[in-house]
Amino acid sequence: MRDENCIFCKIIAGEIPSRTIYEDQDFKVILDVNPASKGHALILPKEHCANIYEISTELLAKAATLAKKLASHMSDVLDCDGLNLLQNNGEVAGQTVFHFHMHLIPRYKGMKNDDLLVWTHEEFTAEEQDDICKKLKL
Ligand code: 5GP
Ligand code: ZN
């Protein structure tokens, strides 16, 4: 339920202050302390789970529903031009806090972090892509 060493569990318990924009029995939504843009927020499930692999399907579905609601609300209130929904799993993927969270990052034309999430293409041969496609088929 709770991890004693987890900073987000401490925020959820109110032991570390945060700017909270929404709370219900399952989630707390806070402003990111180091925002990438105006209004950058984090959806935190109250139950401690490290990542996408650990969170229950039911809770993830609720998080997605909440993300949709917040995205519309942010768009109305902040007048942003777009929004990124981002969720990192594992250190190599950029995760720094190992309590599942979704980033809601409002985007504005000409903003400082305009190149946020810009990546270069990796090259794969058609054969390699066929192989990976075969491997990934569900
Ligand atoms: P990650 O890199 O794990 O996907 O994202 C972690 C996010 O949590 C970062 O954007 C970071 O700024 C934010 N963060 C880390 N510690 C705190 C904190 O104590 N309070 C708040 N509000 N955000 C935090
Ligand atoms: Zn936690």
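Below, a reader and the author discuss pockets and salt bridges in a predicted model.

Author: In this predicted model, local features need pLDDT of at least 70, side-chain atom pairs count only at pLDDT 80 or more, and totals for chains, interfaces and linings use all residues. Residues are numbered from 1 along each chain as its sequence is written, and side-chain values use heavy atoms, with hydrogens and water left out.

Reader: Why is the pair Glu 15 and Arg 2 called a salt bridge?

Author: A salt bridge is a side-chain nitrogen of Lys or Arg within 4 Å of a carboxyl oxygen of Asp or Glu. Here the closest N and O atoms are 2.9 Å apart. The pair therefore meets the rule. Glu 15 sits in the loop between α1 and β1, and Arg 2 in the segment before α1. They are 13 residues apart.

Reader: How many salt bridges does this rule give?

Author: The count comes to four.

Reader: Why does Lys 62 count as partly exposed, and is Asp 26 buried or exposed?

Author: Buried means under 20% relative accessible area, exposed over 50%, and partly exposed in between (1.4 Å probe, protein chains only). Lys 62 has 40%, so Lys 62 is partly exposed. Asp 26 has 18%, so Asp 26 is buried. These two residues also form a salt bridge, with the closest N and O atoms 3.0 Å apart. Lys 62 lies in helix α2 and Asp 26 in the loop between β1 and β2, so the pair ties together parts 36 residues apart in sequence.

Reader: Which residues are joined into one network by salt bridges that share partners?

Author: Arg 2, Glu 4 and Glu 15.

Reader: What makes a space a pocket?

Author: On a 1 Å grid over the protein atoms alone, a pocket is an open set of points where a 1.4 Å probe fits, with protein on both sides within 12 Å along at least five of seven lines. Lining residues have an atom within 4 Å of a point. The largest pocket holds about 480 Å³ of space. Its lining has 21 residues, and those closest to the centre are Phe 8, Asp 32, Val 33, Asn 34 and Leu 42.

Reader: Which element supplies the largest share of the lining of the second largest pocket?

Author: α2 does, with seven residues. Helices (H or I, at least four residues) are DSSP runs, numbered from the N terminus. About 220 Å³ of space lies in this second largest pocket. Its lining residues include Leu 66, Lys 69 and His 73.

Terms used. Chains lettered and ligands numbered in written order. Points joined across faces, edges and corners; volume = space filled by probe spheres on them. Helix = DSSP H or I, 4+ residues; strand = E, 2+ residues; numbered from the N terminus.
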